[in-house]
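Visitor: Got a minute to walk me through this one? I'd like to start with strands and then zoom out.

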Amino acid sequence: MIISGETTLPKGVKRGCSSCNTCQKVIARWRQEDACRPAVDYALPAFEPTEEEFKDTLQYIAKIRPKAEKYGICRIIPPATWKPPSLIKGSKVDTSKFGTHVQQIDALKDLHSKRTLNKIIEQTKEEKKISETKLEYAPNAFEFERGPEFTLSAFKVYAEQFKRSYFQKKDIFTDYRSKDWVNVEGEYWRIVQYPTEEIQVLSGHNLEADVLGSVFPVPPPNDDHQTEYTKSGWNLHNTPKLPGSLLAFDGDNPAFSIPRMDVGMCFSSICWKVEEHSLYSLSYMHLGDSRIWYGVPSQYHQKCEALLKKTFPQLSEHPELFHKLVVQLSPSTLKKEGIPVYRCVQHPKQFVLIFPGVYYSGFDTGFNISEKVNLAPLDWLPHGQLTVQTYSELHRRTSISYDKLLLEAARHVAKSRDFPMRGWNNACGKDGWLTRALKSRLRLETVKRELSCSASQSRKMDDDFGCSVKRECIVCFCDLYLSAAGCTCSPKKYSCLEHSKQICTCPWSSRFFLFRDDISELNLLINALEGTVNQKSTTYIT
């Protein structure tokens with residue numbers, strides 16, 4: 001199914017000239033009378049922890065979760081006394097150049113993704129099917145065009161000149177408390193839904209810390225010279241690895257434990273997405289103009305996906321591309337489909353917390369700098385297992401090993417079962433988060449082992465299997481930390497138990513199966529978590 005008949009719009013922003021690529025001429029103007037501000041409810045009023053509550057990050061998140069999770073997203077305002085130093089002026093953040101991407105706001109509703117899907121469909125028709133190599137390339141086609149590089153100060157000048165020219169007022173939106181961001185919201189959705197010009201802006205989203213640095217103070221390598229802010233759980237360098245966060249056991253994969261910077265300008269956008277592996281996301285705005293977020297509670301996750309599939313019927317031919325879509329549907333469109341959407345307006349010096357499995361989007365109302373990181377407290381575990389199963393069904397690669405996080409956390413807690421540890425209060429016991437998660441995972445693993453192999457084909461997995469090189473199934477790309485299947489004909493080729501017959505055409509007798517732990521050992525670990533066995537009596541746990 002090819003979408004054609006695009007309408008060519010006049011350029012509202014002309015970028016670059018014969019002598020440089022970092023200048024712009026803003027021709028388009030604010031159409032206040034045509035505002036399309038969506039009629040959606042706000043998430044709960046911001047949570048304001050006391051100084052005592054603010055001391056324990058994960059405990060506070062657990063406390064507000066029953067109230068906040070039903071909205072999918074919430075704001076957290078730190079106590080007035082919490083004033084982390086701003087490490088911008090003269091730092092790496094201030095002097096380093098960073099790359100940007102070009103976002104054509106008038107094409108975000110569906111045009112950007114439809115153009116890309118059409119290219120893939122045409123390519124498929126020519127070659128009859130996409131080879132494995134091209135499947136690796138195709139998802140990258142959804143990325144925005146690369147823009148010029150800037151220093152922070154140069155980008156600030158560019159962003160402020162755009163906003164001043166577009167809205168034709170020098171003093172507009174200078175104070176977020178005046179709620180003038182409401183005007184930007186109405187104009188943004190007018191451009192997305194009913195564009196009259198091509199509007200291109202630049203975005204510096206998702207910048208790695210080694211590129212731009214971090215505004216939060218980096219904790220020293222040892223405990224010497226620690227300050228209130230280097231050791232704070234709200235310092236995003238520390239948050240992912242706090243006691244009680246599963247990401248503390250993912251030391252080989254820093255992608256989810258290192259903060260990432262966002263540098264935005266008016267209209268720069270975060271299109272509808274779900275965090276990888278349905279992880280929590282915590283964002284802190286250091287300075288600048290407000291960001292408007294929209295969140296859909298996780299129980300409406302499937303309804304969101306159904307709407308996107310209806311919008312892009314071409315995906316029926318390429319389901320592996322679904323999670324790469326770049327789409328900015330109006331919250332009003334989602335509401336018409338019975339999907340509740342909640343607005344959350346983040347101002348400087350505030351956190352925004354996004355819960356697992358939540359579809360969210362947003363945009364900036366002007367120049368700002370924010371920082372974000374993922375985290376995985378204990379209540380993430382059910383979301384983590386469900387996501388791994390979904391990824392396997394879609395043949396989508398995993399980014400973290402759920403099994404590794406679960407088993408290493410369980411062993412860590414079981415070893416100290418008799419000594420309560422900060423952050424792990426609800427992990428153990430018959431109804432503990434870790435206990436239930438491990439039982440659920442073990443039920444699935446037991447069935448697969450019983451259906452797939454005999455004892456004579458089983459081998460003990462080497463301890464370093466999958467450590468230096470990530471091991472994944474050659475068919476569905478699922479992680480092989482807990483178990484794997486192989487054949488003597490291809491010693492470096494592995495699959496999950498479910499796809500063991502697809503490794504090769506050799507006789508079944510040539511198959512072998514690798515297990516990191518026996519089922520009996522995993523049951524022993526569950527008993528230790530429940531407190532029904534003395535963990536000190538077994539070398540497996542210790």
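Visitor: Which residue in strand 19 does Ala484 stand opposite?
Guide: That's Leu514. Keep in mind that this is a predicted model.

Visitor: How do strand 17 and strand 19 run, and how many bridges join them?
Guide: They run antiparallel, with five bridges between residues 483-487 of strand 17 and residues 511-515 of strand 19.

Visitor: What sheet are they in, and in what order do its strands come?
Guide: An open one of four strands, ordered 16-19-17-18, with mixed pairing. Strand 16 (458-460) and strand 18 (490-495) sit at the edges, each pairing on one side only. From one strand to the next, the twist averages 35°.

Visitor: OK, switching sheets. What's the order in the open sheet of five strands?
Guide: That order is 3-12-11-14-9, and the pairing is mixed here. Its edge strands are strand 3 (41-42) and strand 9 (269-273).

Visitor: And strand 11 with strand 12, in which sense do they pair?
Guide: Antiparallel, over five bridges; strand 11 covers residues 291-296 and strand 12 covers residues 342-346. As one example, Ile292 has Val345 of strand 12 as its bridge partner.

Visitor: Zooming out, how many helices and strands does the chain have?
Guide: There are 14 helices and 19 strands.

Visitor: What share of the residues is buried?
Guide: 55% of the 542 residues in the chain. On the outside, the chain exposes about 25000 Å², and 50% of that comes from carbon and sulfur atoms.

Visitor: Last one: what share of the contacts with a separation of 6 or more is between residues 24 or more positions apart?
Guide: Those account for 80% of them.

Definitions and conventions. Residues numbered from 1 in each chain as written. Predicted model: local features only at pLDDT ≥ 70, side-chain atom pairs only at ≥ 80, totals over all residues. Heavy atoms only, no water. Pairing = 2+ DSSP bridges. Helix = DSSP H or I, 4+ residues; strand = E, 2+ residues; numbered from the N terminus. Buried < 20%, exposed > 50% of the residue type's maximum accessible area, 1.4 Å probe, protein only. Contact = heavy atoms within 4.5 Å. Areas by Shrake-Rupley, 256 points an atom, 1.4 Å probe, with all protein chains shown as cover. Axes fitted to C-alpha atoms, helices over the stretch in contact; angles between N-to-C directions.
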